[in-house]
Amino acid sequence: MPLDFTKHFVTVPTEFKLRNNTDCSWKVTVKLMNGRVTLDQGWATYAAVHQIKIGYMVRFKLLTPDTLKVTIIDDDCIEVVNKCGKHDEAFAAKE
């Protein structure tokens, strides 16, 4: 994530909920490496379940201090809508 992202926080959370366009929530852990925020545990599974491919654009919008809205745009510039029927229970966010 961009370096300026961390300016929105007093301290960067260790976990985020990712919310997509079908209101599915997924948790991922966050790591701070060399001043950059990176999504860690849970991200690879999220990307696989939501079929994020090379060439797709992924946009993150901060909704709350621990929730990011994720918008996935395919290589034809069309928003991808995926139902989250394949939640990995370890990473599905509890509401």
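This is a short tour of a predicted model, going from its sheet to its largest cavity and then to one residue of the lining.

**Stop 1: the whole sheet**

Show the strands as a cartoon. Five of them make up an open sheet, and their order across it is E3-E2-E1-E5-E4. The pairing in this sheet is mixed. Look next at the two sides of the sheet: E3 and E4 are the edge strands, each pairing on one side only. From one strand to the next, the twist averages 35 degrees.

**Stop 2: E1 and E2**

Select residues 15–19, which are strand E1, and residues 25–33, which are strand E2. How do these two strands run, parallel or antiparallel? E1 and E2 run antiparallel, and five bridges join them. To see one position in this pair, pick Phe 16; its bridge partner in E2 is Val 28.

Now move to the turn of the hairpin. Between strands E1 and E2 there are five residues. Select Asp 23 in this hairpin and check its backbone: its phi is positive, near 70 degrees.

**Stop 3: E2 and E3**

Keep E2 selected and add residues 36–39, which are strand E3. This pair is antiparallel too, and four bridges hold E2 and E3 together. Two positions can be picked out here. Lys 31 has Thr 38 of E3 as its bridge partner, and Leu 32 stands opposite Val 37 in E3.

**Stop 4: the cavity**

Leave the strands and turn to the space enclosed by the protein. How many cavities of 30 Å³ or more are there? The count comes to one. The volume of the largest cavity is about 50 Å³.

To find the largest cavity, select the residues that line it: Asn 20, Asn 21, His 50, Val 70, Thr 71, Ile 72, Val 80 and Asn 82. Colour them by type. Three residues of this lining are nonpolar and five are polar, while none is charged.

**Stop 5: His 50**

Keep only His 50 from the lining. Where in the chain is His 50 found? His 50 sits in the loop between helix H1, residues 43–49, and strand E4, residues 57–64.

Is His 50 buried or exposed? Its relative accessible area is 1%, and buried means under 20%, so His 50 is buried.

Finally, add Tyr 46 to the view. A polar atom of the His 50 side chain lies 2.9 Å from the backbone oxygen of Tyr 46. Draw a distance line between these two atoms to end the tour.

Terms used:
Residues numbered from 1 in each chain as written. Predicted model: local features only at pLDDT ≥ 70, side-chain atom pairs only at ≥ 80, totals over all residues. Heavy atoms only, no water. Pairing = 2+ DSSP bridges. 1 Å grid on protein atoms, 1.4 Å probe; cavity = no way out; pocket = protein on both sides within 12 Å on 5 of 7 lines; lining within 4 Å. Points joined across faces, edges and corners; volume = space filled by probe spheres on them. Nonpolar A, V, L, I, M, F, W, Y, C, P; charged D, E, K, R; others polar. Buried < 20%, exposed > 50% of the residue type's maximum accessible area, 1.4 Å probe, protein only. Polar contact = N/O pair within 3.5 Å; in protein donor to acceptor, adjacent residues only side chain to side chain. Axes fitted to C-alpha atoms, helices over the stretch in contact; angles between N-to-C directions.
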